[in-house]
Amino acid sequence: MAQPRLNTALNEGLLTLPNGRIAVLRPPVGYDLSEVPRDALWISHGFAPDHAYWADAGYDVGPQPGDLAAVIVVVPRSKALARAMVAQAVEMAPLVIVDGQRTDGVDSLFKEMRKRLGDISSVPKAHGRLFWFDTPGPIPEWKAAFSKSPDGYVTQPGVFAEGGTDKGSAQLIAALPAKLGTHVGDLGSGWGYLGSEVLKTHPEIAQLEMIEAEHLAVECAAQNVTDPRATSHWADATTWRPQTPFDTIITNPPFHTSRAADPGLGQAFIAAAAKMLVKHGHLWLVANRHLPYEAALGDHFGRVEEIGGTGGFKLFHAHRPKP
Ligand SMILES: C[S@@+](CC[C@H](N)C(=O)[O-])C[C@H]1O[C@@H](n2cnc3c(N)ncnc32)[C@H](O)[C@@H]1O
């Protein structure tokens with residue numbers, strides 16, 4: 001994804017980066033950092049596949065360096081998370097740079113900061129905006145905070161189903177059989193709804209492994225799923241593998257990477273699930289009705305049944321994973 005605004009601001013002399021370490025918060029894959037000296041950069045990303053991309057490209061993704069000269073906030077889709085990142089950035093360094101797409105709400109963030117600080121330098125370009133300001137001091141009301149959903153689960157800005165249980169996930173729980181086996185995997189486990197529910201009603205489960213790419217969700221799951229049979233893995237479920245195969249996998253797979261729907265991600269979850277199961281293992285999956293998962297299920301499992309679903313969701317039971 002080309003992001004020309006930072007380069008424009010630097011090349012045209014509108015913005016000068018100070019000497020010292022520059023943090024970049026949540027840059028998407030392909031975000032253009034070519035004009036910033038690589039040795040100066042420290043990348044922080046909570047989404048495991050993006051974190052791996054920056055690590056593989058040789059950037060510093062380790063622990064936060066002590067002193068930072070500037071922080072670049074790349075605006076995410078969640079408005080609350082974007083504010084939380086700005087609140088974090090102003091406590092990290094004296095200069096804060098914010099870059100984002102209009103469709104992700106960068107203009108309203110810009111307006112809110114202008115209300116607080118008066119005039120702010122900015123480069124509006126390529127369906128987005130880059131703006132920067134000297135740190136004004138803490139913004140406590142924007143800080144990330146855990147909250148309790150109406151059904152009693154802990155969530156925080158930037159996670160899936162931030163407001164409470166997803167309707168599709170609730171349908172999947174209601175459709176599960178009485179016995180799931182002793183070793184169960186939850187792919188894309190989010191803040192832990194499926195895991196928490198199955199542990200309540202399935203005493204036969206000895207080990208539940210929850211695999212989730214978004215660290216913000218893993219942090220919530222640590223509070224929502226405290227049963228000692230559960231372990232959490234911050235990882236990309238399409239490439240992660242269990243040490244011993246699962247008897248059963250439950251999943252409500254992700255259906256978009258950024259703004260656009262991406263059925264390829266759910267299809268990759270199905271292919272990965274088949275590789276993680278024992279020979280006679282079972283996959284229980286819920287999906288939005290319009291998502292095309294049938295062919296992937298047929299490609300990777302010997303038997304597939306649609307077992308119902310309402311209100312825009314469909315439920316599948318697939319077994320006999322193909323080697
Ligand atoms: C539809 S949500 C379901 C969340 C949770 N299971 C629930 O029922 O509320 C899909 C989850 O997959 C996560 N995810 C996206 N890509 C992933 C990946 N490559 N590996 C693991 N998890 C991923 C998302 O962060 C999200 O939490």
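**Exercise 1. Work out the strand order of the open sheet of 6 strands, and find which strands are at its edges.**

Step 1. Begin with the order: this open sheet of 6 strands reads 2-1-3-4-6-5, and its pairing is mixed. Two strands count as paired if DSSP finds at least two bridges between them. Strands here are DSSP runs of E with at least two residues, helices are runs of H or I with at least four residues, and both are numbered from the N terminus.

Step 2. Now look for strands that pair on one side only: these edge strands are strand 2 (41-44) and strand 5 (121-125).

Step 3. Check the twist. Neighbouring strands of this sheet are turned by 15° against each other on average, direction ignored. Axes are lines fitted to C-alpha atoms, for helices over the stretch in contact, and angles run from 0 to 180 degrees between N-to-C directions.

Step 4. Zoom in on one pair. Strand 1 (residues 21-25) runs parallel to strand 2, joined by 4 bridges. Leu-25 stands opposite Ser-44 in strand 2.

A word on the model before going on: it is predicted, so local features need pLDDT of at least 70 and side-chain atom pairs count only at pLDDT 80 or more, while totals for chains, interfaces and linings use all residues. Residues are numbered from 1 along each chain as its sequence is written.

**Exercise 2. Find how helix 1 and helix 4 lie across the strands.**

Step 1. Helix 1 (residues 4-11) lies across strand 4 (95-101), strand 5 and strand 6 (128-134), at about 130° to strand 5.

Step 2. Helix 4 (residues 106-117) also lies across strand 4, strand 5 and strand 6, running at about 25° to strand 6.

**Exercise 3. Is Ala-93 buried or exposed, and which residues does Ala-93 touch?**

Step 1. Locate Ala-93 in the loop between helix 3 and strand 4.

Step 2. Count neighbours. Ala-93 is buried because 21 other C-beta atoms lie within 10 Å. The cut-offs are 20 or more such atoms for buried, 12 or fewer for exposed, and partly exposed in between, with C-beta atoms placed from the backbone.

Step 3. List the contacts. Leaving out residues up to four places away in sequence, Ala-93 touches Ala-23, Leu-68, Ala-69, Ala-70, Val-71 and Thr-135. A contact means that the C-beta atoms of two residues, placed from the backbone, lie within 7 Å.

Step 4. Take one of these partners: Ala-69 is 24 residues from Ala-93 in sequence, with 5.5 Å between their C-alpha atoms.

**Exercise 4. Divide the chain into domains and describe the contact between them.**

Step 1. The domain assignment gives domain 1 (4-142) and domain 2 (147-321). Such bounds come from an automatic or database domain assignment.

Step 2. Taken over C-alpha atoms, the centres of domain 1 and domain 2 are separated by 33 Å. The contact takes 12 residues from domain 1 and 10 residues from domain 2.

Step 3. On the side of domain 1 that touches domain 2, helix 2 (48-56) and helix 3 (79-89) are the elements giving two or more residues. This side of domain 1 has 8 nonpolar, 3 polar and 1 charged residues. Ala, Val, Leu, Ile, Met, Phe, Trp, Tyr, Cys and Pro count as nonpolar, Asp, Glu, Lys and Arg as charged, and the others, Gly among them, as polar.

**Exercise 5. Trace the open sheet of 7 strands.**

Step 1. The order is 11-10-9-12-13-15-14, again with mixed pairing. Strand 11 and strand 14 (301-308) are the edge strands. From one strand to the next, the twist averages 20°.

Step 2. Strand 10 and strand 11 are parallel, with 5 bridges; Ile-211 has His-233 in strand 11 as its bridge partner. Helix 7 packs on the sheet, touching both of these strands, and its direction makes about 165° with that of strand 11.

Step 3. Strand 13 (residues 277-288) pairs with strand 12 in the parallel sense over 5 bridges, whereas 7 bridges join strand 13 to strand 15 (residues 313-321) in antiparallel fashion.

**Exercise 6. Which residues surround the ligand most closely?**

Step 1. The shell holds 20 residues, and the closest are Ser-169, Gly-188, Gly-190, Ala-213 and Pro-254. Being near the ligand requires a C-beta atom, placed from the backbone, within 6 Å of it.

Step 2. Helix 6 (193-201) and strand 10 (207-212) each supply at least two residues of this shell. By class, the shell has 10 nonpolar, 6 polar and 4 charged residues.
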